[in-house]
Every structure is written in structure tokens, then in C-alpha cells.
Amino acid sequence: MKWYKIPEIQNINEPFITKIKAGGKSICLVGFEDRIYALSAICPHAGADLSEGLCVKGKIVCPYHRYTYNLETGKGGEGQNDFVATYLVELREDGIYVGIKSFWERLSGR
Ligand code: FES
């Protein structure tokens, strides 16, 4: 897994939704209830930018058609049969890092 330091976020103790680029991916970062979640910013339904959505009860709500995705698991809401990729987040002394597995690591389950 490769770790990427993300740009500093202002008012990190307040709820936030923002988009970053790391490892060639568009990642939606969500600060919710004292945790930071990282998931793909691209909605699998029709490609909307999830970082322009809302966060409601532990889920990101897509701005286009209101599909929802669990912040922790990426699992789509009931009846959607879809998901978004999620990424590990680490808070280190020098900043916040997002961990992205390579294609081969995901394929082998490492
Ligand atoms: S594009 Fe996200 S729900 Fe349709």
C-alpha cells in the first residue's frame, strides 16, 4: 500500500466534504463525527462528483440522483446494488495520509 499525504484541511474539527487527488484517483474526504473517511469521489451510478454531495447519518448522498454510500464501507443504499471504493486514512504527526492499494494488492487481497 502506498500512502499519500494530503493537503492541509482548514477547520479539521468541523464537519467537511472535500475532494483531493492522490495516486491518480479522485478521492472524496469526509470529516464526520470526529473521524475522516476517504472514498472514491466518482459516483458509480452516473459519474457525479460525490464531494459535491451531502453527508447524512454516516452516508454520503450523491448530488445528482440522491444515491447513498456508507462512509466506512462504501456500500450503496438498499436496492442500489453498488458501492464506491474506500481508502484507509491515518492521522500522523506531520499530517493526514490516505492509503491506496495497487491493483495487484487488491487482486491478491493483501
Ligand atoms: S450519479 Fe450519483 S446517484 Fe446518479
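**Exercise 1. Strand pairing around β8**

In which sense do β8 and strand β9 pair, and over how many bridges? Work it out, then look at what sits on the other side of β8.

*Solution.* A quick heads-up before we start: this is a predicted model.

Step 1. Go to β9, which covers residues 95-100. β8 and β9 run antiparallel to each other, and five bridges hold the pairing.

Step 2. Check the connection. A hairpin of two residues takes you from β8 to β9.

Step 3. Pick out a facing pair. Glu 90 is found opposite Tyr 97 of β9.

Step 4. Now find β4, residues 35-40. This strand pairs with β8 (residues 86-92), again in the antiparallel sense, over two bridges. For an example, take Ala 38, whose bridge partner in β8 is Tyr 87.

**Exercise 2. The contacts of Arg 92**

Which rings does the charged end of Arg 92 sit over, and which residue forms a salt bridge with Arg 92?

*Solution.* Step 1. Start with Trp 3: the charged end of Arg 92 sits over this ring, 5.2 Å from the centre.

Step 2. Move on to Tyr 97. Arg 92 lies over the face of this ring too, at 4.1 Å from the ring centre.

Step 3. Look for an acid. Glu 90 makes a salt bridge with Arg 92, and their closest N and O atoms are 2.9 Å apart.

Step 4. Classify both ends by accessibility. The relative accessible area is 34% for Arg 92 and 33% for Glu 90. Values between 20% and 50% count as partly exposed, so Arg 92 gets that label, and so does Glu 90.

Step 5. Put it together: Glu 90 is a salt-bridge partner of Arg 92, and Glu 90 also stands opposite Tyr 97, the residue whose ring face has Arg 92 over it.

**Exercise 3. The other salt bridges**

How many salt bridges does the structure hold? Describe the ones that don't use Arg 92.

*Solution.* Step 1. The count is three.

Step 2. Take Asp 49 and Lys 19, with the closest N and O atoms 2.9 Å apart. This pair links distant parts of the chain, 30 residues apart: Asp 49 is in the loop between β4 and β5, while Lys 19 is in strand β2 (residues 16-22).

Step 3. Buried or exposed? Asp 49 is buried, at 17% relative accessibility. Lys 19 comes out as partly exposed, at 41%.

Step 4. Next up, Arg 35 and Glu 72, whose side chains meet in a salt bridge at 3.5 Å, N to O. Arg 35 belongs to strand β4 and Glu 72 to the loop between β7 and β8, so this salt bridge ties together parts 37 residues apart in sequence. Arg 35 counts as partly exposed, with 41% relative accessibility.

**Exercise 4. Rings and a surface patch**

Why is the pair formed by Phe 103 and Trp 104 edge-to-face? Then find the patch these residues belong to.

*Solution.* Step 1. You have one aromatic pair to deal with here. The ring centres of Phe 103 and Trp 104 are 5.1 Å apart, and the planes sit at 80 degrees, so the pair is edge-to-face. The cut-off for that label is over 60 degrees.

Step 2. Check exposure. Phe 103 is partly exposed, at 47%, whereas Trp 104 counts as exposed, at 59%.

Step 3. Add Leu 107. Together with Phe 103 and Trp 104, Leu 107 makes a nonpolar surface patch with about 400 Å² of accessible area.

Step 4. Place Phe 103 in the fold: this residue lies in helix α1, residues 103-108.

Methods
Residues numbered from 1 in each chain as written. Predicted model: local features only at pLDDT ≥ 70, side-chain atom pairs only at ≥ 80, totals over all residues. Heavy atoms only, no water. Phe/Tyr/Trp six-rings, centres within 6.5 Å; stacked < 30°, edge-to-face > 60°. Buried < 20%, exposed > 50% of the residue type's maximum accessible area, 1.4 Å probe, protein only. Lys NZ or Arg CZ within 6 Å of the ring centre and 35° of its normal. Pairing = 2+ DSSP bridges. Helix = DSSP H or I, 4+ residues; strand = E, 2+ residues; numbered from the N terminus. Salt bridge = Lys/Arg side-chain N within 4 Å of Asp/Glu carboxyl O. Patch = residues over 30% accessible without salt bridge, like charges linked within 9 Å, V, L, I, M, F, W, Y side chains within 5 Å. Areas by Shrake-Rupley, 256 points an atom, 1.4 Å probe, with all protein chains shown as cover.
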